[in-house]
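Visitor: Got a minute? I'd like to walk through some local features of this model.

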Amino acid sequence: MTSNSNTLSDTPKSVQTNINNTYNNEQSPIEDNIRSEPISKSSTEKTAKSVRSLTEESIKEEKFEDDFVYHSGDIREKFPLVYHSANMSEISANFRKRIKLVKHVKDSIEYLQSFSGYDAVSALADILGTEDRKVAQTTGQALEEQGMFHDVTYLHKLLDSHYHYYQFEDLAKPIAILERKETERLSPNDRKSLMRKLTERKGNKEFEENDPCGVLVNIAQCYSPTCTDDSPCYSYSCPRRKIMETITAKETAGRFANMAMTIGLQTTWSSSLGKSYVSKMSRDAIKRQEIMYEFIRTEKEYVSDLQSVIKYMINPLRHGKVPGVDDLFVDNVFGNIEEISQVNNDFYEGLRKIQKRKPVLESMGDVVKEHVVNFRCYIKYGESQPSAKQILQVQKNKNPQLTAFLKECQNMPQFRRLPIESFLARPTTRLGRYPILIRDILKNTSKNHRDQILLKEANNTIENILKEVNQVAGKEANRLKMDQWSELLRFEKKNDISAIHFDDPKREYIREGKLSLIVHNIVNEPYLEVTLLLLDNVAVITYERNNNYHIYGKPIPISLLTISHSEEKRSIKPHSDSHSGSKKLVVNNHGKNNDYGSMGYIFTLKHLGVATYNFFTPILSEQKAWVEAIQKQQELLPKPIAKEIIFFSHKKLDSPVQTIHRLRNGALLLANDIGLYVLINNTMMKPLLQLSKITQVETMEQFDIIFILANRETYAFSINLLLKGVYTNPNYVKHNKKISSNVSFIATGFCDDKFLLCCAKASTNKTVVKMFEPKKLLLNPNYRKTYQKLYLTGDVVTSFKQFYIPSEGVNIRFLRRSLCVACIKSFEVVSIKNLTTQSLLNPNDVVFKNLLKSEYSPMNMFKTQQNDFLLCYNKIGFFIDKNGNRSRPNIFFKWNTTPKGFAYRSPHIYVINSEYIAIWSEFDTKEPKQIIAGNSIRLLLHDDSQNLIYSRNEDGKQRLATIEIIKPPPVIIQAQMQFSPPQIKN
């Protein structure tokens, strides 16, 4: 059996053709665009030399290898072997991971999610482990031949060039979405039948990415035992055989010799005139005529192409040439190409008319300016192109007769064996060529020539149209991406989808890519292959399972995202523990390791307050692309509306500040596990009281009373004596008796014309609240000295009432005639007079009925300046009126985090998490206005006076800070000053 014959027989025919013939039978893209013209024998050597010089100067493009990769003299003695599997599926999978997809601009047309030929060849060379870029280019052309990617203009194969761009042919997502949308127009029975077929196709993995398959025999090791370097086996596909040298040398010999000269003689203005005309003209004048001649000639070819598309494609399809294709398909795919053909035909006729007058064109600016105003039809065409391409591919996959018809058209001489996609892209690429040609004409036109004005005006018109084309095409492509991902994730949790806001018209698609997510808790599979989706507002980690896409974790808002990375190359492998037999994930620094795929780079995304994700990619440029893209989106976040002001740093983290209370005179009382302090000049803490485990401080300054909750016991002291340092004597503290024991939290306020202290004892199933009144005689300052003993003993309150709630309470708010207790499941309102209890929310409201049955837990309530109430739950927030009905039906907050506390200072809501503070506007529920990040954040003070103080840990210290809203700069209206005329005294 022949060594490689079996391998070749299993290889798809297209791959064999690509590898062994390298497009032998296809015309070169350069040759395809050349129209044969008679060559004048009177052209002298001098003329040819000047033409060659002009061609070299007018065409400034990067030198690149043509589609024929191997040329005579380039073949090595041995075909270079590579250090990689020859399976195309493995090469293509690695290529997808390594190639960097970005936006490129060619001829003023933007191409999203594209890559250059140079980057593709570099990536393939790196994958194959070879320094021979021609081997990598040949491999890339084999991948392209099987439809993995294509040139953005569909004109040529993979070129090793910085200025030729390519895009992947991934159609699984668009097909799934468009076919599902088609079912919406069908009857219920037909819809079920079609969906059943689509499900069967899913089971056959038809929706998966259409990656190439087969074996590249040219890079495979020959496995025949009798095949050696000196005596290769007889298989023509054997890598050791030198027959490829002979074949390649014969086919490429002289094929591209003097190509520039050939093009010049066939397509230039000089070749069509005699020596008498050319020799009398200046160099700039000749160059100007050459470019104008090229302008008109290429316009003729362009119009001819459009007419061929109309005659041989559009008209037959409209007349039922292909079953299953209707006018709607033609309109969606070809757009208004017939209108464009008419506009450009009139344009060409105008140019041809002035060309016939004299062999030397004096001016063409007036004709160009007259017709370019009609080019606005290109805007409509450009807008329809992104969806047109998808619709075409869907129908080609579904309708074999359409594919056969288009292939038949492709083989016609008029289409030069180019695919239909090439001609669909021709209008936009032609529009992008006009500014280039016009600028070249202007460079070689005298400054006083009338075309300087006319062509500049025409060029400005075209460039403005180009901007609109790119804008509408970008919006349409962005919309399609939003539709695709919205469809792919339609079965995910509603809260996750609502956080992404797919339906927002301002939503913008940035990029997506396949990465390896390091998962430490999965022993056998330390990697999870995921697709990271980046939008302008959020990053979403998705993974595929059973042909469906799912969200991993939670969508990460850009404002809550931090990114870190290292350019150090690392090896990540599961490491077996010899004792336990289990596997652990080991991260090693770069070392000698030939295992492909285990070496790469890591970048980390941290979702503040939620989770941290480590991503692995084998290529450094991919890591950098993600870091740059995310950082760019973070730079585009709105300007901050608030600033953090740190006013004190506490060095003793072993006894951090637990709570803060501000007195009316501005003094700050700080409490921790040791005692109570007063802050002096924001620099030091002066001790006032030694009491362990203080968690809460409340005051009634009208009665000169401060209440302290310490070690679940409530005590009362005199504020005046406290500030004088009386309680620094332990004896005075020792004789102070506690007011209540086993207290979970306390609250003070004014309700039903009474000052009250509430001591709540909360457990899992119930909450008992004891209410106390301060002794009224203490309201008179004159009596306080007389009854100073009451302060020293803590006997300053009397018992008032007690009530019970069958739920665990967390907070108490004082209303005018009642108390509102936030419990684990609901807000309960308790009347002070009769102690009756009712729900704060209207029980007849369906929304509230579902709310009470859900996992939402009340946390706090605030009265707003709109005379309604803000209710803050652990996951949501909304407003109600005094009757328990929703006062702002369109306002419904979803915090998308686990808050530790809330604060409200109109018009802003502060959602406090351990890792950040989110500042929301009470009138906007889409996303926070600003995020202030930190470590171990705790809310220490928020009261009815809108004091807001919190702490965070930094550099081994506890920082005490507040938030100040940045005032917008005043709008200065410059009024015109009127001066009275001077008075003249007699």
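Visitor: Where does Tyr787 lie?
Guide: In the loop between helix 26 (781-786) and helix 27 (788-793). Helices here are DSSP runs of H or I with at least four residues, strands are E runs of at least two, and both are numbered from the N terminus. This is a predicted model: local features need pLDDT of at least 70, side-chain atom pairs count only at pLDDT 80 or more, and totals for chains, interfaces and linings use all residues. Residues are numbered from 1 along each chain as its sequence is written, and side-chain values use heavy atoms, without hydrogens and water.

Visitor: How exposed is Tyr787?
Guide: Partly, with a relative accessible area of 36%. Buried means under 20%, exposed over 50%, partly exposed in between (1.4 Å probe, protein chains only).

Visitor: Switching to strands. What is the order in the open sheet of three?
Guide: The order is 19-20-21, with antiparallel pairing. Two strands pair if DSSP finds at least two bridges between them. Strand 19 (694-700) and strand 21 (713-718) are the edges; each pairs on one side only.

Visitor: How many bridges join strand 20 to strand 21?
Guide: Six, with strand 20 covering residues 705-710. Leu709 stands opposite Thr714 in strand 21.

Visitor: What about backbone oddities?
Guide: Most residues other than glycine have a negative phi, and most peptide bonds are trans. Lys693 has a positive phi of about 55 degrees. Lys693 sits in the loop between strand 18 (684-690) and strand 19.

Visitor: And which peptide bond is cis?
Guide: The one from Ser906 to Pro907, with omega near 5 degrees. Pro907 is in the loop between strand 34 (901-905) and strand 35 (908-912).
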